[in-house]
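Subject: Structure for you to look at

Hello,

Here is the structure I said I would pass on. Please open it and keep it beside this email while you read.

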Amino acid sequence: MKAKLTIDRSSIISKIDNRIYGSFIEHLGRAVYGGIYQPGHPTADDMGFRKDVLELVRKLGVPIVRYPGGNFVSGYNWEDGTGPKDQRPKKLDLAWATVETNQVGIDEFQEWAKRADTEIMMAVNLGTRGPDEARQLVEYCNLDTDTYYANMRRKNGFEKPFGIKLWCLGNEMDGPWQICHLTAEEYSRKACEAAKVMKWTDPDIELVACGSSHKNMPTFGHWERTVLRECYENIDYISLHNYYGNPNNNTPEYLAQAVNMDEFIKTVAQICDEVKAEKGSDKTVNLSFDEWNIWFHSNEQDKKIPRWSYAPRLLEDIYNFEDALVVGTLLITLMNNSDRVKIACLAQLVNVIAPIMTEDGGCWLQTIFYPFMHAASFGKGTALRASAESETYDTDSLKNVPLLAASVVENEDGGLTVFAVNRSLDTDMQLEISGFEGYALSSHTELCCDDLKAVNSLGKPDNVVPAEKEVGGEITLAAHSWNVLRFAKK
Ligand code: AHR
């Protein structure tokens, strides 16, 4: 089968904001306890952080990590996770029906972030709490003043402010499952007032308002319009969340899910621009897709976890090869919408629906680690508009899904990178690329496996790993494969 990619190097989508390769650590399951933090583990550092995990997080290359939730944040008192560890309260976390020991809080996490070479995207609690505690946390983290919360940070041993620049105004407040869920009108007022006092405390911060928890929420659209109309001038981004899955084992349909992501992004961007026009504003509110991933494998096993456990194995999806292909197409979609999506977080990072898994005996990498790592390292630069021509197919819910999914990035070093997924389950694709005159293919990395359901594990960590293909002659994208084609100037 033949396919064609035509690139016009003067047709730019946008300079990519590297924060689209962000991720997420929530106080949930074994993400923090037994994940990034495990005092007594042979690899633990002076603060109890696992060095083997830190090394893999750095290898993945995430520029921001959202913290501390997620649903968890809507019942969280940030002060519980500060100060002397032996005085920190052990509390019920109602979001996940677990016990939170508060041995890690912002004091520790900001140190972990430094060691992981990443920045924090901090969420405030707009569930059980409100604007007052939010502004106090901004003061604690960011101010150098001789005032109560800045001094509290100093007393806890941190003279210099943490300098956290990106903040989320709550989490999924449209969802009935959220602790102290709000209507669109209630959330808009609360978020607007929180935004004002947070920015009055530190005018240099950027704020993300909650959008819908997913595209099929009954309030989708109404929620965004209401929030934007109320908060437009006080916020910088609106969030999108969506998880994908293959619960009915319909792989063609599953591989097409990026089409839904693309439509979701374009619809929210359009709502932002409608409100901009209504207001006659010259400011553009952009998008933060701060929770996306595959999440369905662990649904049944999670029902069996006893309530009030400490760091249980919650949301531990084991990802197979086809999941990695879907993650690849979702990354391509984020790059191709980089004119509006400025932040995105793979949810999550360690153990919980995660690319990195830990056991006492070591760490291992899930299949989805690889496309993400490729995108985060070679997807920096300027996204170019490319027209992809390929055969198409229909699924139960989608028509004309292209077999070729692709994005093109002009890298800062002058090279060009094409990311491509061949969605065909049985036919290789001969890819003709035009518009790359003066460049030659320098490498072709492929992630491909005969068994769509193949997984990695601690015992078999290299079952699904990328391989380098020989370059020269025709470019072939194998049936159901993820590909990274790197071009250098001749
Ligand atoms: O990432 C897991 C959960 O998914 C988050 O806590 C919540 O925001 C979303 O529903």
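Below are notes on the sheet, the charged pairs, the aromatic rings, the cysteines and some backbone details. Please keep in mind that this is a predicted model.

The sheet

Strands of a sheet pair through backbone hydrogen bonds, either parallel or antiparallel. The sheet to look at here is open and has nine strands, in the order E22-E21-E24-E19-E18-E15-E1-E20-E23, and its pairing is mixed. At its edges are strand E22 (467–469) and strand E23 (475–477), each of which pairs on one side only. On average, neighbouring strands of this sheet are turned by 30° against each other, with direction ignored.

One pair to follow by eye is strand E21 (residues 439–448) with strand E24 (residues 481–489), which run antiparallel and share nine bridges. Within this pair, His 444 is opposite Leu 485 of E24.

Two helices can be placed against these strands. Helix H10 (residues 321–336) lies across E1, E15, E18, E19, E21 and E24, and it runs at about 50° to E18. Helix H11 (residues 369–378) also packs on the sheet, where it touches E18, E19, E21 and E24. The direction of H11 makes about 20° with that of E24.

Salt bridges

Side chains of opposite charge can pair when their charged atoms come close. The model has 34 salt bridges. Three of them are described here.

In the pair of Arg 115 and Asp 45, the closest N and O atoms are 2.8 Å apart. Arg 115 is in helix H2 (residues 106–115), while Asp 45 is in the loop between strand E2 (22–24) and helix H1 (51–60), so this salt bridge ties together parts that are 70 residues apart in sequence. Arg 115 is partly exposed, at 22% relative accessibility, whereas Asp 45 is buried, at 14%.

Arg 154 and Asp 144 form another salt bridge, at 3.3 Å from N to O. Here Arg 154 is in helix H4 (residues 148–155) and Asp 144 is in the loop between helix H3 (131–142) and H4, with the two positions 10 residues apart in sequence numbering. Arg 154 counts as buried at 19% relative accessibility, but Asp 144 counts as exposed at 56%.

The third is Arg 313 with Glu 316, where the closest N and O atoms are 3.6 Å apart. Arg 313 is partly exposed at 42% relative accessibility, and Glu 316 is buried at 6%. Elsewhere, salt bridges with shared partners join Asp 45, Asp 46, Glu 111, Lys 114 and Arg 115 into one network.

Aromatic rings

A pair of aromatic rings is described by the distance of the centres and the angle of the planes. There are 21 aromatic pairs in the model. One of them is Phe 436 with Tyr 439, a tilted pair with 6.2 Å from centre to centre and 50° between the planes. Both Phe 436 and Tyr 439 are buried. Trp 78, Tyr 140, Tyr 148, Tyr 149, Phe 158 and Phe 162 form one aromatic cluster.

Cysteines

How many disulfides are there? The count is zero. The cysteine sulfur closest to that of Cys 192 belongs to Cys 231 and is 4.8 Å away, which is too far for a bond, because a disulfide needs the two sulfurs within 2.5 Å. Cys 345 is in no disulfide either, and the nearest cysteine sulfur, that of Cys 168, is 7.1 Å away. Cys 192 is buried, with a relative accessible area of 5%, and Cys 345 is buried, at 0%.

Backbone details

Two cis peptide bonds can be looked up. One runs from Gly 69 to Gly 70, with omega near 15°, and Gly 70 is in the loop between strand E3 (64–67) and strand E4 (91–93). Another runs from Ala 347 to Gln 348, with omega near 5°. Gln 348 is in the loop between strand E12 (341–346) and strand E13 (356–359).

The loop between E12 and E13 also holds Ile 353, which is not a glycine but has a positive phi, near 30°. Ile 353 is buried, with a relative accessible area of 1%. Ala 97 has a positive phi too, of about 55°. Ala 97 is in the loop between E4 and strand E5 (98–100), and it is buried at 16% relative accessible area.

Regards

Terms used:
Residues are numbered from 1 along each chain as its sequence is written. This is a predicted model: local features need pLDDT of at least 70, side-chain atom pairs count only at pLDDT 80 or more; totals for chains, interfaces and linings use all residues. Side-chain values use heavy atoms; hydrogens and water are left out. Buried means under 20% relative accessible area, exposed over 50%, partly exposed in between (1.4 Å probe, protein chains only). Two strands pair if DSSP finds at least two bridges between them. Helices (H or I, at least four residues) and strands (E, at least two) are DSSP runs, numbered from the N terminus. Axes are lines fitted to C-alpha atoms, for helices over the stretch in contact, and angles run from 0 to 180 degrees between N-to-C directions. Contact means heavy atoms within 4.5 Å. A salt bridge is a side-chain nitrogen of Lys or Arg within 4 Å of a carboxyl oxygen of Asp or Glu. Rings of Phe, Tyr and Trp (its six-membered ring) pair if their centres lie within 6.5 Å; planes under 30 degrees apart count as stacked, over 60 as edge-to-face and the rest as tilted.
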